[in-house]
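Subject: Structure handover

Hello,

Here is the structure I said I would pass on. Please open it first, then read the notes underneath.

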Amino acid sequence: MTTTHAPYPKQPDTPETVAVALNMQLGANGQPPEWLPLIPAGTFTGRDGRQWTNPNPELILAACRAVGRDIPLDIEHATEVKGPKGEPAPAQGWFRLDDLEARDGALWGRVEWNDSGRALVEGKAYKYYSPAFLYDGEGQVKALKSVGLTNTHNLRELPALNQQSTPPPDSEHHENPERGETDMPLSEAMRAALGLKNDASEADAIQAIGTLKTQHQTALNRAETPDPEKFVTKADYQLALNRATAAEARIKAADDQAIADEVDAAIKAGKVAPASKDYHLATCRQDGGLERFREFVKSAPAIVSTEAATANKKPGDSKTSLTDEQVALCQQMGISEDEFRSSLDDK
């Protein structure tokens with residue numbers, strides 16, 4: 001890379017076009033190089049007297065990545081001159097965003113040459129290249145836009161890669177006098193998507209995209225470290241669930257034991273037939289069932305006498321005699337006397 005260092009005057013306050021930069025030779029052997037310096041380090045000057053600075057290539061690199069599209073390598077800055085007018089501006093190669101690097105204060109990029117671009121260089125149709133970039137009123141480079149193959153010089157001593165030109169009167173380049181920047185107009189759809197005003201510039205879009213990326217990263221960070229006042233970890237949730245399940249099981253066991261005790265007491269008191277124990281256990285487990293069973297037992301007469309049954313059992317008799325009340329109860333409940341007698345023998 002070669003630049004001039006003669007004491008040229010500072011650039012005008014209002015830039016003429018974005019497509020002006022330095023001049024660099026593609027290579028003496030006529031072969032397309034792989035890596036190219038794109039924005040020099042520090043301060044550099046063009047043949048037309050304008051001067052630019054690159055104090056931090058990392059900022060330029062961040063701005064390019066914020067836009068989110070690869071950098072085209074075209075012919076004579078067609079991307080900046082013809083593209084806005086709807087004319088063809090085919091790329092001859094590409095600088096992928098992942099292949100842009102900051103080296104010793106300069107911005108470098110690796111070229112993926114198209115067949116057509118490679119042929120232009122190998123056939124010596126073009127010998128130089130020129131980056132087109134955005135810069136502010138102080139001449140500080142803000143973002144790289146494109147790179148062009150050219151044979152028109154802008155340096156004092158060498159054939160230049162880039163053009164010295166003023167945009168055609170009908171081009172859609174525009175200047176922002178407040179920032180001293182010149183850049184491409186934005187489409188209505190892009191302005192609407194980014195929430196920008198009608199007079200927003202590409203620099204505004206880059207800033208808006210950078211803000212969105214920052215907000216997106218902040219949201220990701222919050223998702224990775226949620227507020228403990230609003231969220232719990234899966235392990236803590238599972239532990240609490242296990243404790244609740246265990247407590248529920250203990251309560252259920254205690255309730256089942258209380259129900260069994262109540263029904264057994266009613267059977268012992270002769271208020272409930274032993275054969276109907278399972279029925280009463282089931283009804284007591286229903287919502288409010290135990291309280292209803294207790295009220296029933298309070299008002300129910302003793303319809304089964306275990307003492308009478310024992311008294312009616314004769315010595316040597318394998319069967320227990322039933323009282324008239326017990327026989328009537330068997331008929332009422334639809335069970336046989338043997339089944340009822342068996343329930344008494346179990347007691």
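The notes below go from the whole chain to one helix and then to a surface patch.

This is a predicted model, in which local features need pLDDT of at least 70, side-chain atom pairs count only at pLDDT 80 or more, and totals for chains, interfaces and linings use all residues. Residues are numbered from 1 along each chain as its sequence is written, and side-chain values use heavy atoms, with hydrogens and water left out.

The whole chain: there are 11 helices and 11 strands, which are DSSP runs numbered from the N terminus (helices H or I, at least four residues; strands E, at least two). Of the 347 residues, 38% are buried. Buried means under 20% relative accessible area, exposed over 50%, and partly exposed in between (1.4 Å probe, protein chains only). Among contacts (heavy atoms within 4.5 Å) with a separation of 6 or more, 63% are between residues 24 or more positions apart.

Helix α7 covers residues 277-284, and its buried residues are H280, L281 and C284. Seen down the axis of α7, these fall within an arc of 105° (taken from the directions from the helix axis to the C-beta atoms), so they line one face of the helix. They pack against α6 (234-268) and α8 (289-299). The face turned away from the buried side of α7 carries exposed D278 and Y279.

Helix α6 also holds L241, which is partly exposed at 37% relative accessible area.

Regards
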